[in-house]
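Trainee: I am new to this model. Please take one connecting stretch of the chain and explain in detail how it and its surroundings are arranged.

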Amino acid sequence: MLNIYGDFEPTLHEILDDLMTGINDLNTDYQNQYHESLFEHLNGRIKSQDSMKQKCQKNLPLTPYSALRENRDSIGIRIVCNFIDNIYTCINSLEQMSDIQIIKKKDYITNAKANGYRSYHLILAKTVEKLDVDGTLIFLWRVT
């Protein structure tokens with residue numbers, strides 16, 4: 001059976017673990033300074049093989065390049081905050097992380113969708129020192 005992530009699947013797990021640790025550290029620092037939590041829940045996942053294959057089959061070949069470069073959600077993080085102000089504080093904190101770059105922001109809080117959906121979406125890139133699917137040593141992994 002084809003592994004859509006190829007030899008890069010272990011790297012996905014490393015990146016997810018590192019992100020979760022970094023974001024939890026942000027929360028701990030915030031708690032130490034303000035005596036309250038920055039967020040209430042933090043979840044992370046690596047998109048399942050089947051789900052990524054289905055996504056690629058819509059218009060891309062079933063290759064690690066498609067899964068890791070063309071699609072932007074091999075790794076997903078969900079942060080749930082109790083207060084809207086904390087969402088923006090959390091985003092500002094993420095922007096200060098030295099190995100994180102914000103690629104795209106979608107603010108559905110300020111600009112709610114017509115159906116009432118309210119959320120904030122980010123596409124992040126995380127710099128890691130690993131070989132990437134292009135063969136370069138240091139690269140950016142995209143995270144949604």
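Mentor: Let us start from H35, which sits in the loop between α1 and β1. The model is a predicted one, in which local features need pLDDT of at least 70, side-chain atom pairs count only at pLDDT 80 or more, and totals for chains, interfaces and linings use all residues. Residues are numbered from 1 along each chain as its sequence is written, and side-chain values use heavy atoms, with hydrogens and water left out.

The protein chain contains 4 helices and 5 strands, these being DSSP runs (H or I of at least four residues for helices, E of at least two for strands) numbered from the N terminus. Their order from the N terminus is α-β-α-α-β-α-β-β-β. Of the 144 residues in the chain, 39% are buried; here buried means under 20% relative accessible area and exposed over 50%, with partly exposed in between (1.4 Å probe, protein chains only).

Within the loop, H35 has a positive phi of about 60 degrees, although it is not a glycine. Most residues other than glycine have a negative phi. The relative accessibility of H35 is 71%, so this residue counts as exposed.

L38 belongs to the loop between α1 and β1 as well, but its relative accessibility is 1%, and therefore it counts as buried. Leaving aside residues up to four places away in sequence, L38 touches N27, Y30, C81, N86, T89, C90 and S93, where contact means heavy atoms within 4.5 Å. C81 lies 43 residues from L38 along the chain, yet their C-alpha atoms are separated by 7.0 Å. For the chain as a whole, 58% of the contacts with a separation of 6 or more join residues 24 or more positions apart.

The contacts of L38 lead to helix α4. The 13 residues of α4 (residues 84–96) should span 18 Å at 1.5 Å a residue, and the end C-alpha atoms are 19 Å apart, which agrees; the expected span is 1.5 Å times one less than the number of residues. N86, I87, C90, I91, S93 and L94 are the buried residues of α4. Seen down the helix axis, they fall within an arc of 160 degrees, so they line one face of α4; the arc is that of the directions from the helix axis to the C-beta atoms. D85 and Q96, on the other side of α4, are exposed. The buried residues of α4 pack against α1 (9–34), β2 (75–80), β3 (100–107) and β4 (120–129).

Helix α4 also takes part in the largest pocket: β1 (41–46), β2, α4, β3 and β4 each supply at least two residues of its lining. A pocket is an open set of points on a 1 Å grid over the protein atoms alone where a 1.4 Å probe fits, with protein on both sides within 12 Å along at least five of seven lines, and lining residues have an atom within 4 Å of a point. The space in this pocket is about 820 Å³. Among its 29 lining residues, I77, R78, I79, S119 and Y120 are the closest to its centre.

To summarise, the loop between α1 and β1 holds an exposed H35 and a buried L38, and L38 touches residues that include N86, C90 and S93, which are among the buried residues of α4.

Definitions and conventions:
Grid points are joined across faces, edges and corners, and a volume is the space filled by probe spheres set on the points.
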